[in-house]
Amino acid sequence: MCGIVGYIGKNEATPILMEGLEKLEYRGYDSAGVAVIVDDKIKIKKCKGRLKNLEKKLEKEKLPGNIGIGHTRWATHGEPSDTNSHPHFNKSGTLAVVHNGIIENYIYIKEWLESLGYEFQSDTDTEVIAHLLDYNYDGDLIEAVSKSIDKIEGSYALGVISEIEPDKLVAIRKDSPLIVGLGEGENFIASDIPAILNHTRKIYMLEDRELVILSKDGVEIKTLEGMPVEKEVYNITWDAESAEKGGYEHFMIKEIYEQPKAIRDTMNSRIMKDSDDIVIDDINLTAEDLKNINRVFIVACGTAYHAGMVGKYVIEKLARIPVEVDIASEFRYRNPLIDENTLLIIISQSGETADTLSALRLAKKKNCRVIAVTNVVGSSASREADDVLYTWAGPEIAVASTKAYTTQLISMYILALYFARLNGEMEVEEYRLIRDEMLELPDKVNKLLEDKEELQKFANNNFGHMDMFYIGRGLDGAVSLEGALKLKEISYIHAEAYAAGELKHGPIALIDEDIPVIALATQNELLDKMISNIKEVVTRGAKVISFTLEGNTDVGKVSDQVIYMPKTISILTPVLSVIPLQLLSYYVAVHRGCDVDKPKNLAKSVTVE
Ligand code: F6R
């Protein structure tokens, strides 16, 4: 989704804005622009395409100035084009605005402004804000922003500058992320922390509808009613390095290789070798609270939803509490049966996904207890939920989620174990067995990361196909969905995931020698059934690559290629089996020459519905 950066201070704004926008590229975009006040006049440069195009424009005409705003746009209203790119400006060009989000009532405002004589250049919803600000401007930019905000409905993070008041940058957010960076003689706004991390580690997280006024020497935050707001300063401890590629060709492969550490960090000090306690600092759910909960909903989108499917399985199996898993964009519109006896677990890497946050807010309205599993400290999800379980994956930059997924799986196990111990469903011996197996996962993942030759061979032989099938039973079915999603999003190969037993109820009609099949066979109690399913597709000509645990040589006998994975207990296999599936997607996408980290049409953080 769109990215915003804003700067005011002692240094030149343009290089800082461009550097920040580059750090936000991972969010996905199709055009970019900056507005800087140069010699008391706003100068705007913007264009369709990658930041390189904007850089070229800026080489031809430099924009020296100490205050500016920048934007990467992911088109929603109006095609990607120079005109539709941000910043947008008023007729006289005296003020400029960047926006992330969607103005839902923009048509109504546009028609009204047109009736007053305002002319629109672009097809965007954002341009109405520029003209609305112009309409409300009476010598006070802060007042103009407050009055304009009153008129608009929808989601927004806004950065506004005016050449009439060149000593301030005004910003505000609602349902779209925006942070403030605090420097010495300079201050910043940005959609995400990496954008400004080279300049400051001191951050303010903004709440909805808080108005921020940045000057060179200070930051003032007010409510829309003008009341001052006191804020806690977050000190960011991770460094900019961890958001850099560090010698890897792509962020995705770097993040795949970071998984042993991410998994270890997520378990660290929560489950421990010599302790039978599960320590979760930010969850205050008591045995009494849990007794009153008769149903759990896990709600999330995309990859996080796939982690939720594993969560359902393990919470039901270990804690014996019924769990429903829902896609966030569906959950909120189906009038779900939830009340104060429902526990809602939302899973979100970014903690800013619009649909997931709406589900969270709906649940809060209905008095449900909400636990957020998120990777971003201070994200909206972490602040609005009752309890938080952080995945300590570190910043995930590649659009395709990898280490966030495996740490989400670990969080699901931790929660399932925690509930099971709390409600007395699990004896300590069983806990120890699972805990010890979990603590071995980082080493096993490491081992899998070393064995990549077979996967590269598969990629080499199959990257030209246009369709692939993923099949599995039980937990393998859930991981198949994640494997197929990884492949389709970065390589643009059509990939279907099916519960293997479903094949013969329809989809097997598609199977022939042109469709490679990726078969997951890690669930020992379902192995015979799975071998039969593999044979069914082999008989129809498909070439099969199977993933199974060491020792299951029967699976190898019926497959064209086989990847053996270290043994573990059945419920933990998703953490292992997804690793070769991630690598396989990566190698196939690289073979096909795809832009692995920034797949077409996708955004890292989906902050609009
Ligand atoms: C796929 C992917 C997406 C996200 C989804 C939810 O690789 O990354 O499917 O998982 O958009 O995002 P978060 O977890 O930030 O809520």
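A polar contact here is a pair of N or O atoms within 3.5 Å. With that cut-off in hand, have a look at Ser401 in this predicted model: one of its backbone N or O atoms sits 2.8 Å from an oxygen atom of the ligand, so the pair counts as a polar contact. The ligand site comes first below, then the sheet, then a couple of backbone details.

**Polar contacts to the ligand**

- Lys486 joins in through its side chain, where an N or O atom is 2.9 Å from an oxygen atom of the ligand.
- Glu489 also uses its side chain, with a polar atom placed 2.6 Å from a ligand oxygen.
- As for cover, the ligand on its own has 410 Å² of accessible area, and the protein covers 90% of that.

**The shell and the pocket**

- Count the residues surrounding the ligand and you get 14.
- The closest of them are Ser348, Gln349, Ser350, Thr353 and Glu489, so Glu489 turns up both in that list and among the polar contacts, given the 3.5 Å cut-off.
- Sorted by type, the shell has seven polar residues, five nonpolar ones and two charged ones.
- Two helices each supply at least two shell residues: H9, spanning 302-319, and H16, spanning 475-491.
- If you're ranking pockets, the space taken by the ligand is the second largest one.

**The six-stranded sheet**

- Moving on from the ligand, there's an open sheet with antiparallel pairing, and its six strands run in the order S5-S6-S7-S8-S12-S13.
- The edges belong to S5 (88-89) and S13 (219-222); each has a single partner strand, so one side of each is left without a neighbour in the sheet.
- Further in, S7 (residues 154-162) and S8 (residues 169-174) pair in the antiparallel sense over five bridges.
- To see that pairing at residue level, start from Ala157, whose bridge partner in S8 is Arg173.

**Backbone details to check**

- The peptide bond joining His86 and Pro87 is cis, with omega at about -5 degrees.
- Pro87 belongs to the loop between strand S4 (67-73) and S5, and S5 is one of the edge strands of the sheet.
- Asp40 has a positive phi, near 70 degrees, despite being a residue other than glycine.
- You'll find Asp40 in a loop too, the one between strand S2 (31-38) and strand S3 (41-48).

Notes. Residues numbered from 1 in each chain as written. Predicted model: local features only at pLDDT ≥ 70, side-chain atom pairs only at ≥ 80, totals over all residues. Heavy atoms only, no water. Near = heavy atom within 4 Å. Polar contact = N/O pair within 3.5 Å; in protein donor to acceptor, adjacent residues only side chain to side chain. Areas by Shrake-Rupley, 256 points an atom, 1.4 Å probe, with all protein chains shown as cover. 1 Å grid on protein atoms, 1.4 Å probe; cavity = no way out; pocket = protein on both sides within 12 Å on 5 of 7 lines; lining within 4 Å. Sits in = over half its atoms within 2 Å of the grid points. Helix = DSSP H or I, 4+ residues; strand = E, 2+ residues; numbered from the N terminus. Nonpolar A, V, L, I, M, F, W, Y, C, P; charged D, E, K, R; others polar. Pairing = 2+ DSSP bridges.
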